[in-house]
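Biologist: I have this structure open and some questions about it. Could you take me through the cysteines, the cavities and a few backbone details?

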Amino acid sequence: MSKNRIYGQALWRRTALAAALTMSFAGVVHAQSNASGVVFGRAESAIGATIHLESVDTGLVRDVTVDSSGRYRASSLPVGRYKVSLIKDGATVDTRNDVAVQVGTGTDVSFGEATASTNAKNLEGIQVVANALPAIDVSSVDSRTVLTSEQLSKVPVARNVTAAALLAPGTVSADSRYGNAASFGGASAAENQFYINGYSVTNSLTGLGLAQLPFDAIDQQQVLTGGYGAEYGRSTGGVVNIITKRGTNEWKGSLAVFWTPEFLRSDPRNIIQPSNNTLYQYRNENKNWLTEYSAAIGGPLIKDKLFLYATGDFQKSEGKIVAGGPSASGISNVAFTDTKTTRWLAKVDWNITDSHILEMTGFSDKTNETDQIYNYNYNTRSAGTRLGTVDYKNLDRTGANASPGGTYYIGKYTGYITDDLTVSALYGRSTTEHVQSPVGVGGGACPYITGTIKQPNGTIVNAPHCFLAGGSVIAPGAEDKTHGWRLDVEYRLGSHDLRVGVDNQTLESYNGTFYEDNQRYTYAQAPANGVITSRGIQFPTGTLNYVDARVFQAAANVRVKQEAQFVEDHWQVNDRWLAYIGLRNEQFSNYNGGGDVYAKQRHQLAPRLGLTWDVFGDSTFKVYANAGRYHLAVPANVAIRGASASLYSSQYGTFTGVDPTTGAPIGFTPYGPTVYLNNANNTTPDPRTVAAKGLGAYYQDEYILGFDKQLAPTWTFGAKAIYRNLKNIIDDMCDSRPFEAYAARNNIDMTNAVLNGCYLFNPGKGNNFLVDVTGNGDFREFKLSKKDLGFPDLKRKYLALDLYLEHQFSDKWYGRVDYTLSHSFGNSEGLLKSDIGQADPSVTQDWDAPELMMGANGPLPNDRRHQLKAYGWYQMNQEWLIGANVAVYSGRPKNCIGVYPEDPIQYGEAYFYCDGHFESRGAAGRTPWAWNLDLSAQWTPAFADHKLAFTADVFNVFNRQEVLSRQDLGETDPGVKDPVYNRPISFQAPRSIRLGVKYDFSL
């Protein structure tokens, strides 16, 4: 549509009544919230006049009418800059330029009495122009953080989504053993959801991590730590919603290179063994250099109609990692790493007509790492014999897929069918391949070797080995797939803006682990009499050693089907009060490797309520409150071992020799039967016996009360109080004693009963289980009460007070300060167990037996009681800009995890028991306070017309390297201190400097 069109003609005409109604909650694919924003306001003396909105970048035009109450609202606006004009009697009487529309946010653009009076016709031909600064969003009942590409380019921050999300209040870095992950609002790091252009890019197997995109492709990144509406689900932590850049009516591009040289990195701290103050791990040389190349191009294929944006990012890094500590001989391993990451994104936007919009997005995130493994001599600090190579694809070095990567395709349609009816639909899919390939120096794989061998002269030596990947590797052919769709319909009815939606997503994974080379050999010394009673074995007279040959294969093609329906009403009660009422209904189905459902939850109702009060009626003071329930499905990873076929066999035998390279036994002769450990005999468990009957869903209740107040045109401050209460979780129980006691009470013969090693259940309450009591399919229901099971009530609570002060960009500077006082406490972190770095969501060690939960109540691992964050920039002049980012946070709780007397469940070092008594969670103190200062500078010289930028970012300026996490394993036996106790696991990242050059151009 031409910009010279007659202003009185309706284009996507929407009455202003709807403008006052729709609240901008962030939704998974909802056009009004996920990838768009809202402009609303008042023009009380211009009833019937036209509000004309025009995108500065794409020429997109939209008109709405001021309704009979003097209000208007333009929803479903693509994010970006707009010119907003008041048109009366065909003449422009007032205009606001550079109105910023942010994702999921409403911007108040009201027109005052002077320009909208009955005498407005006398102003014909006169255009009143003003620039609109973002006002407080009184159209929503929550508080969120929206980071724009401008902010991310001017503040020193690492170039990844997680680093940007950590700028938001209430977010903290998760345990380092989970990779680059974050905890939101006291929840575990596996309870978040991440979206790019409306489609979930969260790790489909475990929920840990996300697929990244080229950092410069981010237009806006929205971070929600609570209070979101019924269109969002599957998160009890936080939500990160990313909107990518899109083409405009001007062809623009950029070229950039960023370099983080090794010689400008400070040395990482060595790890010192606290028990004897000796060196455990030499880390001073664990450094790398990183180079990143980036390019982007965007513009109109057809002006005002069809747009293209494409960007690519290539990173290459080489470095060195000394792993482990010196053995008795002073020998360890060192890896020389070569990592290449390729990311690209392409987006096409097609304004088919004024009322129909189509978006297509494709992006990819792939990382390949090759590690050359050598012996490392601690005495000489040098590499020795080469052991082999390990190749990783879309995996971190531990073999976990915390950074899932992959290729994604997303299509989205938005249709403005009538003034009152809006429809949006989205479909997306993804594929991610995971590879871990260890190859020894001889060209073949290496088995997993442990144990010692007794020589004929009586000396005992470590068995030779060449295994390269820690003993276990990801299953060959591992791959994740997702596909999902969503349909949303919005209809305006009087003072109500109604919306209904359907949100379905299916997650599929073939994943699991095998022993390296599919074999593990553990060497041990034979008893003097050659008898091993537990296996009924009599070795020949004179046998010095034997070997336990084990095979472990736990891999399956598993699936989680997630379905949801929601309805919500945004109700403009009166001029200053707005209410939100929502209900989400979710269904989760988990499938094992045989394609059968082993756990499902139907009709999980999640109500959401909210209220906001525009105190003065001018968007300068907002008070809001909300309450809601949020659900999680059982992660897909649970089915791989707990519900699918797996093989874990053990065969004892003798040998005549040992391969000096691989460590494998030569002349192996088996003795005794093959034993299947944990009943893992490569048969799929009956799906009825994997989980408790009527398994309840994982869910949390949340309450928020807050306010935002404008102090001056450029100053805003606010506060919010948050209370979260985790009401129900799903974990596994691995204790047969309650079943045996129930059988004894009810005269049930368990001689041939089949008991699973572990069962999924709802901790802290009674559960009913099906048990095959004869081994022939004769199932009996075991109704075990809470007392029978012996577990305490589930407890995870989060209390927080967030305070902020923000100065919008004015007088050459922008700044924001956030302070969060919070407390996360209870006896369960949730899906993870950061105390020991356990990355098995929903099947943690915690609830395996009641003894493990004794003393478990206290401050949880993500409890950082105090957090202070501040960031901003100062534009010194047209050429020079400096930025800063400060983070201060208190320490993490420390525990002492030891061995309970007589170790009733044979778990060893797993109980909150040390020094002869139960030592409650967090009783061992806290890690030190830590603080970090990052600084940046940009020079855009005038001689290049400010299109060329030279940048320098200094991270951790003062090279603070405080301990962030320590070993909690305290006693190897009652009263026997574990030498690893209190040993550091991770520190603050050392100081580093990133240099960059970027050139922006127009065609």
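Biologist: Which cysteine does Cys446 form a disulfide with?

Modeller: Keep in mind that this is a predicted model. A pair of cysteine sulfur atoms counts as a disulfide within 2.5 Å. The sulfur of Cys446 has a partner sulfur 2.0 Å away, and that partner belongs to Cys466.

Biologist: How many residues apart in sequence are the parts that this pair ties together?

Modeller: Cys446 sits in the loop between strand E26 (435-440) and strand E27 (448-454). Cys466 sits in the loop between strand E28 (460-462) and strand E29 (472-474). So the pair ties together parts whose separation in sequence is 20 residues.

Biologist: Is the link of Cys446 and Cys466 left-handed or right-handed, going by the S-S bond?

Modeller: Both ends are out of sight, with Cys446 buried at 3% relative accessibility and Cys466 buried at 6%. The angle about the S-S bond is -115 degrees, and the link is left-handed.

Biologist: What about Cys734 and Cys758: is that disulfide right-handed or left-handed?

Modeller: The sulfur atoms of Cys734 and Cys758 are 1.9 Å apart. The torsion about their S-S bond is about 105 degrees, so this disulfide is right-handed.

Biologist: Which helix has a Cys734 loop on one side and a Cys758 loop on the other?

Modeller: Cys734 is in the loop that follows strand E45 (731-733), and Cys758 is in the loop that leads to strand E46 (759-761), so the pair ties together parts 24 residues apart in sequence. Cys758 is partly exposed, with a relative accessible area of 30%. The helix between the two loops is H6 (737-745).

Biologist: And Cys914, is it buried or exposed?

Modeller: Cys914 forms a disulfide with Cys896, with 2.0 Å between the sulfur atoms, and at -85 degrees about the S-S bond the link is left-handed. Cys896 is in the loop between strand E53 (880-889) and strand E54 (913-914), while Cys914 is in E54, 18 residues apart. Cys896 is buried at 2%. The relative accessible area of Cys914 is 0%, so Cys914 is buried.

Biologist: What is the pairing if I number the bonded cysteines in sequence order?

Modeller: The count comes to 3 disulfides. Numbered along the protein chain, the bonded cysteines pair as 1-2, 3-4, 5-6.

Biologist: On to the cavities. Which strands each supply at least two residues of the lining of the largest cavity?

Modeller: There are 10 cavities of 30 Å³ or more, and the largest holds about 240 Å³ of space. Its lining has 21 residues, with Gln193, Asn203, Gly207, Leu507 and Gln562 nearest the centre. By class, the lining has 10 nonpolar, 10 polar and 1 charged residues. The strands are E31 (496-515) and E35 (545-572).

Biologist: How many charged residues are in the lining of the second largest cavity?

Modeller: The second largest cavity holds about 200 Å³. It is lined by 22 residues, and Phe40, Arg71, Val138, Asp575 and Asp614 lie nearest its centre. Strands E1 (36-42), E4 (71-78), E36 (577-591) and E37 (597-614) give two or more residues each. The lining divides into 7 nonpolar and 7 polar residues, and the charged ones number 8.

Biologist: Which strands stand at the edges of the sheet that includes E14 and E15?

Modeller: That open sheet has 5 strands in the order E9-E14-E15-E12-E13, with mixed pairing. The edge strands each have a single partner, so one side of each is left without a neighbour in the sheet. They are E9 (145-148) and E13 (199-200).

Biologist: Which residue in E15 stands opposite Leu224?

Modeller: Strand E14 (residues 218-224) and strand E15 (residues 239-244) run antiparallel, joined by 6 bridges. Opposite Leu224 stands Val239.

Biologist: Is Arg234 buried or exposed?

Modeller: Arg234 is in the loop between E14 and E15, and its phi is positive, near 60 degrees. Most residues other than glycine have a negative phi. With a relative accessibility of 4%, Arg234 counts as buried.

Biologist: And Gln906, buried or exposed?

Modeller: Gln906 is in the loop between E53 and E54. Although not a glycine, Gln906 has a positive phi of about 55 degrees. Its relative accessible area is 63%, so Gln906 is exposed.

Definitions and conventions. Residues numbered from 1 in each chain as written. Predicted model: local features only at pLDDT ≥ 70, side-chain atom pairs only at ≥ 80, totals over all residues. Heavy atoms only, no water. 1 Å grid on protein atoms, 1.4 Å probe; cavity = no way out; pocket = protein on both sides within 12 Å on 5 of 7 lines; lining within 4 Å. Points joined across faces, edges and corners; volume = space filled by probe spheres on them. Helix = DSSP H or I, 4+ residues; strand = E, 2+ residues; numbered from the N terminus. Nonpolar A, V, L, I, M, F, W, Y, C, P; charged D, E, K, R; others polar. Buried < 20%, exposed > 50% of the residue type's maximum accessible area, 1.4 Å probe, protein only. Pairing = 2+ DSSP bridges.
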